[in-house]
Amino acid sequence: MLISGRGSNLQSLIEAAGSYRIILVISNIEGAAGLDKARAAGIATQVVPHAGKTREAFDGELDAALRAAGAELVVLAGFMRILSDGFVRGWEGRLINIHPSLLPAYRGTRVHERVIEAKEALSGASVHFVVQELDAGPVIAQANVPVHADDTPQTLADRVLAVEHKLYPEALTLLACDKVKLQNGLAVFDSTNNGHPAANR
Ligand code: GRF
């Protein structure tokens, strides 16, 4: 797993582990609170600072650490670096991210501010395969939340985060159990699955 911050999604993934096992948590930020959550759960951690390195050199270090640990999937959870094309290609179909909007709407940053400014009635979270274009990969699972008239970016972020904590373990479980695959640029679900997990709930 790759993180940069508090690691609340990491915590929910730790608690729901079973169909998958978290073997390594890497942060580019030394003091990231998520590292303590990983250590408390007995998971190996590593800090790979990005400062003073080219994107390719930094990503090369991440890649080497992940491969040395025997990682099969790479899970981004609040990882605040854009990954190079080479890294994304190297982990194609095995690299996922969670984004706090109903993709393809509101890619990028300042999501909650923009959702409120646009007076949207609904927002939510999406787990998606990572492709080279930022926040543009095929969606594996989504969950929605209402946007209230008196929401601030913080109250909306809190409501979205609460659904992220259920959504991410579900989506990772699907991937770890081969119930979803990236095929020809699409998220393809195992037809023996009951229902379509990407549908909003
Ligand atoms: C989450 O809102 C996630 O959607 C976004 O970054 C935030 C990470 O939070 N990509 P945390 O570090 O998992 O608490």
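Q: How do the residues of the lining of the second largest pocket divide into nonpolar, polar and charged?
A: This is a predicted model, in which local features need pLDDT of at least 70 and side-chain atom pairs count only at pLDDT 80 or more, while totals for chains, interfaces and linings use all residues. Residues are numbered from 1 along each chain as its sequence is written, and side-chain values use heavy atoms, leaving out hydrogens and water. A pocket is an open set of points on a 1 Å grid where a 1.4 Å probe fits, with protein on both sides within 12 Å along at least five of seven lines, and lining residues have an atom within 4 Å of a point. Here the lining has eleven nonpolar, two polar and three charged residues (Asp, Glu, Lys and Arg count as charged, and Gly is among the polar ones).

Q: Which residues are closest to the centre of the largest pocket?
A: The largest pocket has a volume of about 960 Å³ (the space filled by probe spheres set on the points). Of its 37 lining residues, Gly78, Phe79, Met80, Ile98 and Pro100 are the closest to the centre. The largest share of this lining, five residues, comes from helix 6, and the lining as a whole has 16 nonpolar, 14 polar and seven charged residues.

Q: Is Glu164 buried or exposed?
A: Glu164, which is found in helix 6, is buried (under 20% relative accessible area, whereas exposed is over 50% and partly exposed lies in between). It has no salt bridge, and the nearest side chain of opposite charge, Arg6, is 6.3 Å away. A salt bridge needs a side-chain nitrogen of Lys or Arg within 4 Å of a carboxyl oxygen of Asp or Glu. Leaving aside neighbours within four places in sequence, Glu164 is in contact (heavy atoms within 4.5 Å) with Asn9, Ile98, Pro100, Ala125 and Pro169.

Q: How many salt bridges does a search of the whole structure find?
A: The search finds seven. One of them joins Arg67 to Asp63, with the closest N and O atoms 3.0 Å apart, and both residues lie in helix 3, four residues apart, about one turn of the helix. Another is formed by the side chains of Arg107 and Glu133, at 2.5 Å from N to O, and that pair links distant parts of the chain, 26 residues apart.

Q: What is the relative accessible area of Asp151?
A: Asp151 has a relative accessible area of 8% and is therefore buried. The side chain of Asp151 meets that of Arg159 in a salt bridge of 2.7 Å, N to O, and Arg159, at 21% relative accessibility, counts as partly exposed.

Terms used
Helix = DSSP H or I, 4+ residues; strand = E, 2+ residues; numbered from the N terminus. Buried < 20%, exposed > 50% of the residue type's maximum accessible area, 1.4 Å probe, protein only. Lys, Arg positive; Asp, Glu negative; His and termini not counted.
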